[in-house]
Amino acid sequence: MFGLNLKRIFLIAFILAVIFTARQYVPPYFARFQFGDSVRQTVKYAAATRKNTDAVIREILMSAEEAGVPITAKDIRITKRGPSVTVDIEYSWPIDIRIHQYAIKFHVSESGEVFGP
């Protein structure tokens, strides 16, 4: 059949399985990278642009929507300690590989100078 022996059929099946798995795992990690960079920039420049907490949360939610990251405002935790502030975001991304469904958990944490009230 098309000059395929068992070894070549196994190799083609393996390559297809790797491609299928990569299509499930690459998007969440790439989105996490983009989203983490956006959060870093937002927190870093929030004090310089005199943004308040609500404006920072709105900006983080907009960048999450752009990156396709499934978060809500309740997933964002802002903690002020002295002259610094920490933004912590925890979320999960569902993975479905047909035989098993689960969620990858991500944590984004950035610190910066205290911003607005």
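Biologist: Is Arg50 buried or exposed, and what is its relative accessible area?

Modeller: Keep in mind that this is a predicted model. Arg50 sits in the loop between H1 and H2. Exposed means over 50% relative accessible area, and Arg50 counts as exposed because its value is 75%.

Biologist: What is the phi of Arg50?

Modeller: Most residues other than glycine have a negative phi. Arg50 is not a glycine, yet its phi is positive. The value is about 55 degrees.

Biologist: Let's go inside. Which element gives the largest share of the largest nonpolar core?

Modeller: That core has 23 residues, and among those with the most contacts inside it are Phe35, Ile60 and Tyr91. Helix H1 (6–46), helix H2 (53–67), strand S2 (84–96) and strand S3 (101–113) each supply at least two of its residues. The largest share is six residues, and it comes from S2.

Biologist: Val69 caught my eye. Which residues is Val69 in contact with, leaving aside neighbours within four places in sequence?

Modeller: Val69 belongs to the group with the most contacts inside the largest nonpolar core, along with Ile71 and Ile89. Once its neighbours within four places in sequence are left aside, the contacts of Val69 are Ala31, Phe35, Ala64, Tyr91 and Trp93.

Biologist: Now a polar one. Which backbone oxygen does the side chain of Thr42 reach?

Modeller: Thr42 lies in helix H1. Thr42 counts as buried because its relative accessible area is 4%, and the cut-off is under 20%. Not counting residues up to four places away in sequence, Thr42 touches Val56, Glu59 and Ile60. As for the side chain of Thr42, at 2.9 Å it reaches the backbone oxygen of Ser38.

Biologist: And Ser63: how far is a polar atom of its side chain from the backbone oxygen of Ile60?

Modeller: Ser63 is placed in helix H2, and at 9% relative accessibility it is buried. Beyond its neighbours within four places in sequence, Ser63 is in contact with Phe35 and Ser38. From a polar atom of the Ser63 side chain to the backbone oxygen of Ile60, the distance is 2.9 Å.

Biologist: What separates the C-alpha atoms of Ser63 and Gln24?

Modeller: Along the chain, Ser63 and Gln24 are 39 residues apart. Between their C-alpha atoms the separation is 21 Å.

Biologist: On to charges. Which strand holds the partner of Arg40 in the salt bridge between Arg40 and Glu110?

Modeller: The structure holds four salt bridges, and in one of them the side chains of Arg40 and Glu110 meet at 3.6 Å, N to O. Arg40 is in helix H1, so the pair ties together parts 70 residues apart in sequence, with Glu110 in strand S3.

Biologist: Which of the two, Arg40 or Glu110, is buried?

Modeller: Arg40 counts as partly exposed because its relative accessibility is 36%. The other partner has a relative accessible area of 16%, and buried means under 20%. The buried one is therefore Glu110.

Biologist: Which residue is linked with Arg40 and Glu110 in a network of salt bridges?

Modeller: The side chains of Arg40 and Glu110 meet in a salt bridge. The network that links Arg40 and Glu110 also includes Asp37.

Biologist: How far apart are the closest N and O atoms of Glu59 and Lys51?

Modeller: Glu59 is partly exposed at 26% relative accessible area, and Lys51 is partly exposed at 22%. Glu59 and Lys51 form a salt bridge, and the closest N and O atoms are apart by 2.0 Å.

Biologist: Which residue forms a salt bridge with Arg77?

Modeller: The closest N and O atoms of this pair are 3.7 Å apart. It links strand S1 (residues 76–81), where Arg77 lies, to strand S2, with the two residues eleven residues apart. Arg77 is partly exposed at 47%, whereas its partner is buried at 12%, and that partner is Asp88.

Biologist: Last one: what is the area of the nonpolar surface patch that includes Phe14?

Modeller: Phe14 lies in helix H1 and counts as partly exposed because its relative accessibility is 49%. Its companions in the patch include Leu4, Ile9, Phe10 and Ile19. The area of the patch is about 930 Å².

Key. Residues are numbered from 1 along each chain as its sequence is written. This is a predicted model: local features need pLDDT of at least 70, side-chain atom pairs count only at pLDDT 80 or more; totals for chains, interfaces and linings use all residues. Side-chain values use heavy atoms; hydrogens and water are left out. A nonpolar core is a set of buried Ala, Val, Leu, Ile, Met, Phe, Trp, Tyr and Cys residues joined through side-chain atoms within 4.5 Å. Buried means under 20% relative accessible area, exposed over 50%, partly exposed in between (1.4 Å probe, protein chains only). Helices (H or I, at least four residues) and strands (E, at least two) are DSSP runs, numbered from the N terminus. Contact means heavy atoms within 4.5 Å. A polar contact is a pair of N or O atoms within 3.5 Å; within protein, one must be able to donate a hydrogen and the other to accept it, and residues adjacent in sequence count only if both atoms are side-chain atoms. Patches are made of residues with over 30% relative accessible area and no salt bridge: like charges are joined within 9 Å, nonpolar side chains (Val, Leu, Ile, Met, Phe, Trp, Tyr) within 5 Å. Accessible areas come from the Shrake-Rupley method with a 1.4 Å probe; for residues, only the protein chains shown count as cover.
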